[in-house]
Amino acid sequence: PVGRVFCIGRNYPWSPEDRNAASAFPSWFMKPNTAVFLAEGVLPFPPATQDFCHEVELVVGIGKGGFNIAREQVESEHVWGYAVGLDLTRRDLQKIAKTQGGPWEPAKAFDASAPCSPMMPVKVCGHPHRNPIWLYINEQERQRAIIADLLFSVPDLIATLSKSVTLLPGDLIFTGTPVGVDAMQPNDHIHAGISGIGEIRMQVGA
Ligand code: MN
């Protein structure tokens, strides 16, 4: 069963400066597990936004939990599998939250905000290191990177996050999105994926 949903903030270089930015750890926030659903069919267009944005992300499923997990043991012991997911965002509400110093939940934790492909077990897909990650809207490329572009790798993320909270079986970690996030309109066609992990095809609802 899906436990908590942790989402990692800026974790790919969106500009050359991002690679050099000395951050101990990227920001993280959460979505309720009820936001997760199988990514297929129609993606409901959420209320209360004029700026509904896609963020394609590698999703890690935790198999064995722990506190203060050693980075060397993350891949061999703690990851159950991987999926591709969308960290959907009401960007206009996020901008207001950033300006006013308010919480991100209105921008991030809405209904159906975390569509996800079926989770692929590690024993089937292995650990993605150089796999391409990409997203197209209406056959036009919006986002493309490789997993090796992650500023904090999956072992680094899980080791560091588990110093702050105890991770549990079933927790999902959305690991951040490459440059190119942008708005979607009703009836747009989404095609996103991570090579060797999974693909998403959905249509944005009215
Ligand atoms: Mn994100």
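# A tour of the predicted model

Start with the largest nonpolar core, which has 42 residues; select Y82, L86, V154, I158, I173 and I190, the members that touch the most others. The model on screen is a predicted one. To see where the core draws its residues from, colour β1 (5–8), β6 (56–62), β7 (79–86), α5, β11 (132–137), α6, β15 (189–194) and β16 (198–204): each supplies at least two of them. A second core, separate from this one, holds 11 residues; V5, V59, A83 and A114 are among them. As background, nonpolar side chains in soluble globular proteins tend to be buried together.

Next, stay with V154 and display its contacts. Leaving aside residues up to four places away in sequence, V154 touches L58, V60, V74, V79, Y82 and T175.

Now step to S153. This residue sits in the loop between β12 (140–146) and α6 (154–161). Is S153 buried or exposed? S153 counts as partly exposed because its relative accessible area is 23%, and the partly exposed class lies between under 20% for buried and over 50% for exposed. For a distance check, pick N33 as well: S153 and N33 are 120 residues apart in sequence, and their C-alpha atoms are 23 Å apart in space.

Select K123 in helix α5 (residues 122–125). K123 has a relative accessibility of 79%, so it is classed as exposed. Add W80 to the selection: the C-alpha to C-alpha distance between K123 and W80 is 8.6 Å, with their positions 43 residues apart in sequence.

Move on to an open sheet of 3 strands, ordered β8-β5-β14 and paired in the antiparallel sense. Its edge strands, β8 (89–90) and β14 (182–183), each pair on one side only. Highlight β5 (residues 52–54) together with β14; 2 bridges join them in antiparallel pairing. Which residue of β14 is the bridge partner of C53? Label A183, which is that partner in β14.

The last stop is the largest pocket, with a volume of about 250 Å³. Select R10, W14, E55, Q94 and K98, which lie nearest the pocket centre among its 16 lining residues. Then show helix α3 (residues 91–100), which gives the most to this lining, with 3 residues. Coloured by residue class, the lining divides into 7 charged, 5 polar and 4 nonpolar residues.

Technical notes. Residues numbered from 1 in each chain as written. Predicted model: local features only at pLDDT ≥ 70, side-chain atom pairs only at ≥ 80, totals over all residues. Heavy atoms only, no water. 1 Å grid on protein atoms, 1.4 Å probe; cavity = no way out; pocket = protein on both sides within 12 Å on 5 of 7 lines; lining within 4 Å. Points joined across faces, edges and corners; volume = space filled by probe spheres on them. Helix = DSSP H or I, 4+ residues; strand = E, 2+ residues; numbered from the N terminus. Nonpolar A, V, L, I, M, F, W, Y, C, P; charged D, E, K, R; others polar. Buried < 20%, exposed > 50% of the residue type's maximum accessible area, 1.4 Å probe, protein only. Pairing = 2+ DSSP bridges. Core = buried A, V, L, I, M, F, W, Y, C linked by side-chain atoms within 4.5 Å. Contact = heavy atoms within 4.5 Å.
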